Amino acid sequence: MSIGRTHAAALVVALAVWGGLTTWAGAQAAARETSTPLARGLAMYESGRMAEALIAFREAADGDTASPMPDFGVGIVCAALGWLDRAEDALEGALSKRPAFPEAHDELGDILLRRREFRDAESHYRTAIALRPDYVEAHLGLGLTFATQRMFPEARHAYELALALDPSTSTAHRSLGEVHAWEGDLAAAISAYERALALEPGSVPALYGIGLVKLRQRVTDEAIETLERVVALDPQHKSGWHNLAKAYAASGRPELAESAMAEFEALHELDERLKPHLRTLEADPTDLPARYAITKEYLRAERMPDAIRELDRMLAIDPMFAPALDARVRIHLSLEEWSEAHVWAARLTRARPDNVMAFLYLGMSAGAVGAVDEAVGAYRRAIQLKPDEPTGYNNLAWLFYQNRMRLDEAETLAERAVGIEPKPAYLDTLSRVYEAQGRLAQALAAAARALAADPNNPAYRARHEALHTIEPGDGP
Amino acid sequence: MRRRCGLGRAAILTLVLLAASTRAASVRFTDVAAEAGIDFVHDIGRSGKGYILETVASGCGFLDYDGDGLLDIYLVNGRALPPSAPNASANALYRNNGDGTFTDVTAEAGVGDTGYGVGCATGDYDGDGDTDIYVTNFERNALYRNNGDGTFTDVAAAAGVACAAWSSSGAFVDYNADGRLDLYVANYLAFRIEDYEPCGGRLGTDCGPGDYPGAADVLYRNNGDGTFTDVTREAGVHSDEGKGLGVAVGDYDDDGDVDIYVANDDTRNFLYRNNGDGTFEDVTFWAGVGFSEHGEPEGGMGAAFGDYDNDGRLDLVVTNYQDQVNSLYRNEGGGLFSDVSHTAGTALLTYPLVGWGTAFLDVDNDADLDLFVANGHLLVNVAGRDSTSTYAQPDVLYMNDGHGAFVEGGPEMGLAAVRSSRGAAFGDYDNDGDTDILVVNTGEAPSLLRNDGGSDGDWLGITLVGRGANRAGIGARVTVTTDVTQTREVTTAVGYASASDARLLFGLEKQGSAPTVSVRWSSGSTTVVESARPRRYISISE
């Protein structure tokens, strides 16, 4: 089983120390009360918006070249984005300004550990601990450095020190469980995982650890029960599905095994499709086409959080990378997250000022959040950019119709859209505008055309039937 | 190393454990390659470019090419790279002189292939009573037909098995039970030296398997007239997904026909179940042998079947890349395997190593199968990049404790040397009743690990003589019963890119026991030999 640790937001801790604050909550509150680039960077980092965090930290660095904190911020964001070289440079920059900076040593240890530069990683963790003996994260990092090298007694010692400092560190319990499992002490592994679970109910890694150990112990029913919880909590847990399938098969439940195996296969196939792109990123984490290809795979698999994470990484590399902005807008539109869509659409129009779709997105999202004037401007720009594209006419007509404004112009626009392409949706818009204008016969005719073009659409059918029941003169 | 504790009383247990330990401790491997006159030096290519081709070579073989009852040695070699470079390297055949020494007969036998060699497979494909050699190369393979007079002729092109892909392991099997040996060839990557570009990246310029598409494996059906037909697709074993390195063959579901397992590098492995009608079904997912315990594809290198727990079912071992454990899959019956690498004790030791050639073999003849793995990293400069690894690594022997677990028995048994090993072949070259091991070491001389002490206990060697063209009885299942029943199958394809002795060697649990031998031939017929006399090779005819 893999050995990992949950990395807490060390930046907040670092800021707390830097600002003379001693508590996590205090640091967060202090950060939010200020509007400095550093505070913005922290807020963005905490909310997972790495692209914006990076911009803010760089801005902070430009404004205060003497402080190590912006460099540290850049380092931690780059590490989160997988740019280890840049992260290392930034953290070393921070340390050159303040050598006695335990968080920077800890972060650098993490990076070196990821690179399997174990001796240097150990050295930085030890420095961090020397600077702050109660630094639990650094003890965990040191433990992981040893565990990765299969130096289990040393790893256990480091984890136990972390627990002595803070017995509620669930990661330390879980890591101890993994060490015990490797050493073959399955009972001790289960106990450690259960302690982690008690501290962090619903911890998927702890549950998976228990499930796997139960499977090794051939306590199949208990393994199944635990692994079912794993995949219920995390349906993308490939290892969970894999072992659940095996457990079902071992317990003589072939249908459930087949079903779990199908889930596993789908996740495996996605991983296989991602593999070449990930390989490209190993060599160059800033390769935008590779990241974009990964994003497309996540979108195809409807894994929106993963897709958004990749888009964020792309935008951290190039904040104006239009395909990423475009995808980001489309995701939020599809999820009807209008405010988010509005923000990203506005950026897309700046990145692609001649792109008709960018302005259509902006029109849609601005209209949805009530920014009608902005929406009107966006649609007019879309029409201006591509006069033979009907969507702009239709959407602007719809916007006017929805807001019961400029209905004459709406009628012209809707007729224009239908004239270019008589799509059912455009006919529906036209029908509604006619109705709003009191021209019921024309409204009914347009609705009939929409239904004829899309006879299985229940909305068009209902509308067509409703128009039949309206007496002439019932219009507005 | 078998431990029996039938009565469960502490005193008896202690005595038995002591006895078992003593037997294992009495076994020692001695590298006698130099004194045996094997002056072969492996050539990895030395291009200076770091071609991925230079990471996987080569394998070797134990075979009795001249039919004198003594195992000879075939060593596959790389060659200078790029192919246009002046080359003095070639494969080599060493004839066993019967006195512990060998003579290089490569030139007179005509088997000194100078392609970039990866591995070899052996079998009497033409049913004329002598062993032929198939050599897997980068780009074009060779089929050396044994002329029966100490010479060979390369007939690969005429036989239709030259295979232009980069081949790794081959296996002669009678998949359709027609009595003729067919040929499965695992192919690795679609890599061309002409198109080579450094892969870059922080770790240097070495390219990995992920940088190239895989090359599909091929199944050749023996037409019985000296030619083969590619039946890969119609037999259902075509896949563009694989990057094949190791092949293991065996009847894992005990339904009387041979199944095929392929260890793939960087992609999932394949288990092809033989449907008995000339076709196979990919049952990897269901069987649970395609991935690591966590469901991840691994860097599979070698593979071998063997019934290590003497339950009559063939278990499976797969050697993997560094930071992956070698997978030990226990056959649970019903077509299912469970990954017991951790509980059987083979996981932790293998984690830092890159495993290649492997086999289940009973080195101390205590009636249970131990496990050998040849190790070696593929990156010459790995130590400079990763403090946990080295290019040269020790080969490892895992001794079976008789209770489903293994303990390391390497260094004190003479396996302390560190080299970057690849293929390994297994056989009793000195006919003293224990299994010796031949290992190819990249860029160095091979190791001929003579087993000393393994035959202190009783043993039984079995040579099968099949009816018809499959003279060596490839695919036959043999059980030897004393107090315990051991199950083996006849194959030469074991581990990685190598060919082993087709004879079977059983350790007998008790001194003086007279075992019953039962043979289930691939034709379906059976032969039973009662009270076989131990400490000798016996011949059993179909």
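Biologist: What makes you say that both faces of β18(B) are covered?

Modeller: In this predicted model, B:Gly302, B:Ala304 and B:Gly306 lie on one side of β18(B), B:Ala303 and B:Phe305 lie on the other, and all of these residues are buried. Buried means a relative accessible area under 20%, and 5 of the 5 residues in the strand, which spans residues 302–306 of chain B, are buried, so the strand is described as mostly covered.

Biologist: How do you know that β18(B) pairs with strand β19 of chain B?

Modeller: Two strands pair if there are at least two bridges between them, and 5 bridges join β18(B) to β19(B), residues 315–319, so the requirement is met. The two strands run antiparallel, and within this pairing the bridge partner of B:Ala304 is B:Val317.

Biologist: Why is the contact between A:Lys238 and A:Asp271 called a salt bridge?

Modeller: The rule asks for a side-chain nitrogen of Lys or Arg within 4 Å of a carboxyl oxygen of Asp or Glu, and the closest N and O atoms of A:Lys238 and A:Asp271 are 2.7 Å apart, so the pair qualifies. A:Lys238 lies in helix α15 of chain A and A:Asp271 in helix α16 of chain A, which means that the salt bridge ties together parts that are 33 residues apart in sequence.

Biologist: Why is A:Lys238 called buried, while A:Asp271 is called partly exposed?

Modeller: The relative accessible area of A:Lys238 is 7%, which falls under the 20% limit, so this residue counts as buried. A:Asp271 has a value of 27%, which lies between 20% and 50%, and A:Asp271 is therefore partly exposed.

Biologist: What makes A:Glu297 and A:Arg300 a salt bridge, and where do they lie in chain A?

Modeller: Their closest N and O atoms are 3.6 Å apart, which is within 4 Å, so this pair also meets the rule. Both residues belong to helix α17 of chain A, and because they are 3 residues apart there, about one helical turn separates them. A:Glu297, at 12%, is under 20% and therefore buried, whereas A:Arg300, at 57%, is over 50% and therefore exposed.

Biologist: How do you know that B:Asp178 and B:Arg180 meet in a salt bridge, and are they buried or exposed?

Modeller: The N to O distance is 3.3 Å, which is within 4 Å, so the contact counts as a salt bridge. B:Asp178 has 29% relative accessibility and B:Arg180 has 28%; both values lie between 20% and 50%, so each residue is partly exposed.

How values were computed: Residues are numbered from 1 along each chain as its sequence is written. Chains are lettered from A and ligands numbered from 1 in the order in which they are written. This is a predicted model: local features need pLDDT of at least 70, side-chain atom pairs count only at pLDDT 80 or more; totals for chains, interfaces and linings use all residues. Side-chain values use heavy atoms; hydrogens and water are left out. Buried means under 20% relative accessible area, exposed over 50%, partly exposed in between (1.4 Å probe, protein chains only). Helices (H or I, at least four residues) and strands (E, at least two) are DSSP runs, numbered from the N terminus.
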